[in-house]
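Work through the following exercises with the sequence and the model open side by side. Each task is followed by a solution that proceeds step by step.

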Amino acid sequence: MFSGDDSNVRKFNTINRRVFILSLAKGIVFTGILARLFTLQISENKKYLTLSDKNRLREWRLPPVRGEFKDYFDKTIAGNIEVYQLHVIPEQVENFKYLMIRLKNILPLSNNEFAKIIKKKNQQKPWETLIISENLTWDQFSKVNFYLHELSGAKPVLSVARSYPFKENYTHVLGYVAQASENDLLNNENIKNKHVPGLRVGKTGLEKSFENDLIGTNGVQRYEVNAFGKRIKQVNFQKGNKGKEIKLTLDTEVQKLCNDLLANKAGSISVMDIYSGEIIAMHSSPSFDPNLFLYGISYKDWDDIRDNPDKPLINKTISGLYSPGSTIKPIVALSALENNVISPNFKVRCTGKMEMYGQTYHCWKKKGHGVVDLRGAIIQSCDTYFYEMSRRLGVDRLKVTASRFGLGNKVFDNLYKEEKGGLFPSTSWKKANLGQGWVLGETLITGIGQGYVQTTPLQLCLMTAQLANGGFKIYPTLVSNKNQESLEKIKYKMAQNLITEEKYDSSIIRTAEEFFNPGEKDYKKLFRNQENVKFVLEAMFASTNQWNGTSYKSRIEDPKYQFAGKTGTAQVKKITEEQRELDLETSQIPYDDRDHAWFVAFGPYKNPRYSISVFVEHGGSGSKAAAPLAKQVIKKVIDRHEEREKIRRRNLVNI
Amino acid sequence: MFQQSSYSEQLTFFQKLKSFDFVLIFSVLLLGLISNISMFSTDGGELLYHTKSHLIRFVVFFVMMLFLSFLNLRFWHSTAYLFYVIVLGFLVWASLYGITASGSQRWVNLYFINLQPSELMKVAIIVCFARYFHREQITNVSSFKNIILSLAILVMPIVLVVSQPDLGTSILIAASGLIVLWLAGLNIRYFVYSALVLLVSFPFVISFLKPYQKLRILSFFNPDRDPLGAGYQIIQSKIAVGSGGFAGKGFLQGTQSYLEFLPEKHTDFIFTLFSEEHGFIGSVFLLILYAILIYRIIKIGSISRSYFGRLFCFGFGSAIFIYVAVNMSMVLGLLPIVGSPLPIMSYGGSSMLATMIGLSIVMSTKIYHKQIIN
């Protein structure tokens, strides 16, 4: 001990020295930790705060509420109804398998549906809502609520879904909605941004065209979630906006009548305001109930619709292409008059057939019409007269007039993806597309609306409207704009165009004008001499109201409803000589070989306002199958006129 | 000399009480309070299992520490080897019949407590070395025999702990053991040599590591490598601390913790939770509290006239420093994640027991600082 004193001092010195060095090191390390804390908590606080919020907050988007469609009288034609749904959030369920088996028995679910739900569950994240059923009946809903204490995790909820109260009436105009497909997401950025499981988007028709207006915005629920994604509490809720309401020009009353008239038939009826271009009714038959598509259509229903030979999925009014038949005779006559090919006094002897270019061309009347002038030819729809007249006119000059009145062109710009333009042939068209020269005989059959010429029913309605308003261009529309031009202004513009000469047929200038004034509607005149238009209109009147007219039987004598029209009977098949001899009744011919029945008209004759086109597929003759339908529709439309005008005036006042 | 030693043995109860280090007791109490508040927060603001059992442990072991403080330092001196051997025995027991939890066989069942002997070894190794070098001549410290013997004392428990496996604790035992060896005067060049050997053997060590340990080291260098896997803990811990900001999110408002983004928030990551809720201010306060604690322990060591007391206090103070520094550096992303609790703050009975035993020896050193042990 004593001898170790010196050594002991050294020992203590060593340890004291070393602990001092160590303390310095400790100080440095603690300073380092302090600096680190400063960096994280002071310098980079913002960054980590953001990361922390990103950790803890998760958004759930709610499906947006879709905008509604209204008819002209503010009736809802595509709305939203409350539906009972059953949701399950898998992560909140203790025993998912048990729950599903209980639900399967209670609802009940078919094996097929059950498998589908399980498959869907495996595809999505555990915190995402799994929709077990989108549309519970009241029965199922109350049953689920009754057993709810045993079904922990199942959530019966009240949701909003599309509904079409008028079922098949508006199917083709509006289209329908269904679950957004992958294609919908790819093609529309807006849908992609707003997509939530179960979102319905427009598949066809206006529902598709106006998707971006209708879709609305998502409501957002912001939840605080834990590390496992479980919702702890709602932090805030942001209400979504309902999509825009779109008001149409359609009249449900007329639309319903059209649907009734075309029941059990294939065909189309459209009605148009000849000044404003507003479409009052537009129906294609057969139709189907678009509500079927909302929750996934059943295989049986889908097969019924798809396999129906009358093609309910096609909107015949704008996508059905047919030979217009005699309904284009007013245009052929107008074209001949405008080009000074004939005068109204030009006469032709009709013997029932006509030999030309080594072929026989038949008039629909086997016995022939005798000697007819232009007026008589329109009244009785004499084919022989029109053969001769078109021969002199030539197809190219006819095409100019026909195109100007809308034949072979789309009626709407881009409103419907499915709309077809049709075709009005010309010599250059045939050369370019078929690689063959025009045969003169083809001019003849084009003159009676057969051959290559193909139009949609709505094109004929527009053609009739543009004739009926005195020969001025109009702008067909389905959407009722608040800032629409008044009827007086439209008529004023037309009257202005009547006296300004240079606006006629200057297609290049027109394009330039439209280029500078894209929104401006100019209601250009489509004729050279209005007398010619008036002549044709009078002939159409006589065709319905004179004893020998083709639609005389469907006339209305009351001047309030009196209308003028033109029938059409379009052959779908070349008729052989034997068949011609047999002269069968429509009902005796196989359905697919029967003629298409057409009728175009406008009324009231004294002060025309509306045009109509009726098309009955394989309906037989226009005068028997189509004109009687038109008569009823015209009556209805004119009956509804006053009420419609009230709305129009209110709209104008509201500006 | 004789007088002094007899004098100190005649200390009355009140004399002993008077020479208690109240700064030390106060800072321990404050740390205990903070740890219980934090534990309360990890339980989501309710008095649940963790909080209750942590509180009970703290109170029981703190009182125990006060009682043990009255023991003469000689007692610790004379039982030092026994203490070491008993703990080593427990380690062997643990490796044979221990309780396994989360893949590691660390605990022995003592019926009233599940003891983690590796935690006790942290203190035992220091006591053992303090005793070993107490009588050693400074010229003799670096002798071949001493080096071999002290290395054996150090390596035996480390091997046992590594094999549990518990890398974190074994590193901490090794670190505190080495610091004591250095303080005892072991020639500096042995440290340089062994550091070189360590560096060279590093690749071999790596190849012996378990895959999850390798992952931890890799993810330390690049936490974004696998943000939901091994790097998850580091990332979430940094987010928690960073988002705490200057003043913190507030008591019971630590979203990272109560939404369960934080891993092991009761134990190794308790500082993260505290830092998230109390911010830079709170963290600095806690750091200062630890600094005071360590300072007091070193201070007591420096007034001790016995080499045993002095070496123990210096060693134990440095060990506390290492635990704190390693734990904090780890949760702040400065070191790879290894299991290392924060003394007093972290949940865990054995760690608390070991700390309190160490503190009672420190306290005893304070009371008997004038006493010289032969």
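**Exercise 1. Locate Tyr523(A), state what is unusual about its backbone, and decide whether it is buried or exposed.**

Solution. Begin with the position: in this predicted model, Tyr523(A) sits in the loop that runs between helix H22 (507–516) and helix H23 (530–545) of chain A. Next, read the backbone torsion, where phi of Tyr523(A) is positive, about 50 degrees, although the residue is not a glycine. Finally, turn to the accessibility: because buried means under 20% relative accessible area, Tyr523(A), at 2%, counts as buried.

**Exercise 2. Carry out the corresponding analysis for Asp74(A).**

Solution. The residue to find lies in the loop between strand E2 (69–70) and strand E3 (76–88) of chain A. Asp74(A) is not a glycine, yet its phi is positive, at about 65 degrees. As for its surroundings, Asp74(A) has a relative accessible area of 42% and is therefore partly exposed.

**Exercise 3. Which residues do the cis peptide bonds at Pro108(A) and Pro286(A) join, and where do these prolines lie?**

Solution. For Pro108(A), the cis bond is the one to Leu107(A), with omega at about -15 degrees, and the proline is placed in the loop between helix H3 (96–106) and helix H4 (111–123) of chain A. For Pro286(A), the partner is Ser285(A), and omega is about -5 degrees. Pro286(A) belongs to the loop that separates strand E12 (279–285) from helix H12 (299–307) of chain A.

**Exercise 4. Describe the salt bridge between Glu211(A) and Arg66(A), and explain what it ties together.**

Solution. Start from the distance, which is 2.9 Å from N to O between the side chains of Glu211(A) and Arg66(A). Glu211(A) is part of helix H10 (residues 211–214) of chain A, whereas Arg66(A) is in the loop between strand E1 (57–62) and E2 of chain A, so the pair ties together parts that are 145 residues apart in sequence. Both Glu211(A) and Arg66(A) are buried.

Set beside this pair the salt bridge of Lys47(A) and Glu44(A), for which the N to O distance is 3.9 Å. Here Lys47(A) is partly exposed at 46% relative accessibility, and Glu44(A) is partly exposed as well, at 29%.

**Exercise 5. Which parts of chain B are linked by Arg296(B) and Asp21(B), and how many salt bridges are found over all chains?**

Solution. The closest N and O atoms of Arg296(B) and Asp21(B) are 2.8 Å apart, and the two residues form a salt bridge. This pair links distant parts of the chain, since Arg296(B) is in helix H13 (residues 270–303) of chain B and Asp21(B) in the loop between helix H2 (13–18) and helix H3 (22–42) of chain B, 275 residues apart. Asp21(B) counts as buried, at 1% relative accessibility. A search of the whole structure gives 39 salt bridges over all chains.

**Exercise 6. How is Arg594(A) placed with respect to opposite charge, and which backbone oxygen does its side chain reach?**

Solution. Arg594(A) is found in the loop between H24 and E18 of chain A. It is buried yet has no salt bridge, and Asp592(A), the nearest side chain of opposite charge, is 8.4 Å away. The side chain of Arg594(A) does, however, reach the backbone oxygen of Ile589(A) at 3.0 Å.

For a second arginine, take Arg404(A) in helix H17 (residues 395–404) of chain A, which counts as buried at 15% relative accessibility. A polar atom of the side chain of Arg404(A) lies 3.2 Å from the backbone oxygen of Leu526(A).

**Exercise 7. Why is helix H16 (residues 383–393) of chain A described as largely enclosed?**

Solution. Nine of the 11 residues of helix H16 of chain A are buried, so the helix is largely enclosed by the rest of the structure. Among them are Tyr385(A), Phe386(A), Tyr387(A) and Glu388(A). Just after H16(A) comes Gly394(A), whose phi is positive, at about 85 degrees.

Key: Residues are numbered from 1 along each chain as its sequence is written. Chains are lettered from A and ligands numbered from 1 in the order in which they are written. This is a predicted model: local features need pLDDT of at least 70, side-chain atom pairs count only at pLDDT 80 or more; totals for chains, interfaces and linings use all residues. Side-chain values use heavy atoms; hydrogens and water are left out. Helices (H or I, at least four residues) and strands (E, at least two) are DSSP runs, numbered from the N terminus. Buried means under 20% relative accessible area, exposed over 50%, partly exposed in between (1.4 Å probe, protein chains only). A salt bridge is a side-chain nitrogen of Lys or Arg within 4 Å of a carboxyl oxygen of Asp or Glu. A polar contact is a pair of N or O atoms within 3.5 Å; within protein, one must be able to donate a hydrogen and the other to accept it, and residues adjacent in sequence count only if both atoms are side-chain atoms. Lys and Arg count as positive and Asp and Glu as negative; His and the chain ends are not counted.
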